[in-house]
Each structure stands twice: as structure tokens, then as C-alpha cells.
Amino acid sequence: MPSPDWAPSRLRMLDGRRLAVRHVWCVGQNYAEHAREMGRDPERCEPVFFSKPAAALVQQAEIEYPPQTRELHHEVELVVLLARGGRDLSPEQAAAGVFGYAVGCDLTRRDVQARAKAAGMPWALAKGFDQSGPVGEFVGADQWRVQPDRVIELAVNGRTRQSAVLGDLIWTVPELLARLSREVTLRPFDAVFTGTPAGVAALVPGDRVEARIEGLPSLEFLVKPGA
Ligand code: MN
């Protein structure tokens, strides 16, 4: 594991180690049903990449409802952490560079995103705001693997809203990393949110969110009122 001495190591792994994430890459619409619910044809989807600030990744019991929105959406996602990166990787090279995995939630100000899209403007702040990337504890790639039958799901106040299996990913993790490495140089301690299944919906203060992927530590947080 490369030394994360460039930044405070503040994210927990299941085994007690701490790590810092360098950059957070995300992909949009990587599950066919979710692409359809967002009004796109999954057959013709090239992956859409975007970023969040590394500081947006948090592991805390309470998430503050963000400002400038009336429509905060949950998106449960498999998060991949890299030990090695590079440019123009093959899927095999990319797969060999995976350090570990966690459950994440790509919190989204959907109204801000919709207004930006309609105006032909960038939607960076719809995705990259304070505490917009809660993540569970990371588990090493030697402890857990992506398998197509593993369930990914999210429940709000005990009611399931999103449920799929990892086999529903349009771009598999190695394919996604390889494709992303054609756009940017991937580096150790980059984290990649791999997309969300259908069922995204709004959260309100007081909601208790539970996000799970079979075999990984679950992610739980309470949405508390904004400042
Ligand atoms: Mn997402």
C-alpha cells in the first residue's frame, strides 16, 4: 500500500487501517434501468464521468441536508479504491490495480442537476458538495470480489428503494477503469463510484439511510436538518 502521507488518513478500513483518497471519480448511468429512469437509452450510453472533491468522502453517522436544494437524491454505489493507476490501461491491468471496495452513496442535488442540464450548463455542484459522498468501511480486494449475483440495495427508514445485483452493471469494474484511464491518469488512492441502480429518490431530514452490498460493511447514516 503506497504511503498516503500527502494528506491526513481519515477513512477507515474494516481492518482498522486508515487511508486518504486522492481523487473521487464517478460514472453516471451504469445500470440500464437507472439510465432509462433518467430518460436515456442504455444501449447507446457511453459512460459519463464526473468528479467529487476528495473531502466529500465521509464516514459519519449523520449527514447534514445540503443547502441550495429541495431534492436531495440517494444513489447507492459500489466504490472501488485503486492501489495502482496509469493511462490507457487494459481491463486486465485495471483489475490488477484495485486495492479495495466499499459501499458508497453518491448524494445528488437532483433539482440543481436538472436545471443545469436544461440550461446546457455544467452540473458539478449538483454532485460535489459537502458530505456528498458517504462511504462505508473499505475492504481489501484480497477479502472481497465483485460477483454478478451480489445484491446492491438501499433502504430508507427500513423500506427498500433500490435493489439490483452487481451483474447488472453495464460497464464492469475493469472495463470502466480502462475506459476512464483513456481520459485521465489514474493514481493510487483514487476512488471510483461505479454508478447506481434504478430507484433513486428524494431524502428528507430525519430519514435513516441503509446502503448494502453483500459481503461489504454496510453504510448507515441519518439525514439531519441543514444549518
Ligand atoms: Mn451516481
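Hi everyone, let me start with one pair of residues: I152 stands opposite A164, which belongs to strand β14. Before I go on, please keep in mind that this is a predicted model.

So where does I152 sit? Strand β13 covers residues 151-156, and 6 bridges join it to β14, with the two strands running antiparallel. If sheets are new to you, strands of a sheet pair through backbone hydrogen bonds, either parallel or antiparallel. The turn of this hairpin has 2 residues between β13 and β14, and N157 takes a positive phi near 50° there.

Now let's zoom out from the hairpin. β13 and β14 are part of an open sheet of 5 strands, ordered β6-β18-β17-β13-β14, and its pairing is mixed. At the edges we find β6 (62-64) and β14 (159-165), each of which pairs on one side only. From one strand to the next, the twist averages 20°.

There is another open sheet to look at, with 3 strands in the order β10-β7-β16 and antiparallel pairing. Here β10 and β16 (202-203) are the edge strands with a single partner each, so one side of each has no neighbour in the sheet. Strand β7, residues 72-73, is joined to β10 by 2 bridges. In one of the pairings, H73 has T108 in β10 as its bridge partner.

Next, the metal. Which residues hold the manganese ion? The protein donors are E75 and E77, through OE, and D106, through OD, at 2.0 to 2.1 Å from the ion. Along the chain, these donors follow the spacing E-x1-E-x28-D. E77 lies in strand β8 (residues 76-82), while D106 is in the loop between β9 (98-105) and β10 (108-109), so this pair ties together parts that are 29 residues apart in sequence. And are E77 and D106 buried or exposed? Both E77 and D106 are buried.

That brings us to the inside of the protein. The largest nonpolar core has 42 residues, and L78 and L177 have the most contacts inside it. At least two residues of this core come from each of β3 (23-28), β8, β9, β13, α5 (173-180), β17 (208-213) and β18 (219-224). Try finding L177 on your screen: leaving aside neighbours within four places in sequence, L177 is in contact with V80, L82, A94, V98, L186 and V192. There is also a second, separate core of 18 residues, with L11, V21, V79 and F138 among them.

Finally, the whole chain. How many helices and strands are there? The chain has 5 helices and 18 strands. Of its 227 residues, 52% count as buried. Taken along the principal axes, the C-alpha atoms fill a box of roughly 40 × 40 × 35 Å. A compact globule with 227 residues would have a radius of gyration near 17 Å, and the chain has 16 Å, so the two agree. One last number: among contacts with a separation of 6 or more, 75% are between residues 24 or more positions apart.

Thanks for listening, and do go back to I152 and A164 in β14, facing each other where we began.

Definitions and conventions:
Residues numbered from 1 in each chain as written. Predicted model: local features only at pLDDT ≥ 70, side-chain atom pairs only at ≥ 80, totals over all residues. Heavy atoms only, no water. Pairing = 2+ DSSP bridges. Helix = DSSP H or I, 4+ residues; strand = E, 2+ residues; numbered from the N terminus. Axes fitted to C-alpha atoms, helices over the stretch in contact; angles between N-to-C directions. Donors = N, O, S within 2.8 Å, 3.2 Å for Na, K, Ca; no water. Buried < 20%, exposed > 50% of the residue type's maximum accessible area, 1.4 Å probe, protein only. Core = buried A, V, L, I, M, F, W, Y, C linked by side-chain atoms within 4.5 Å. Contact = heavy atoms within 4.5 Å. Rg over C-alpha atoms; globule rule 2.2 N^0.38 Å.
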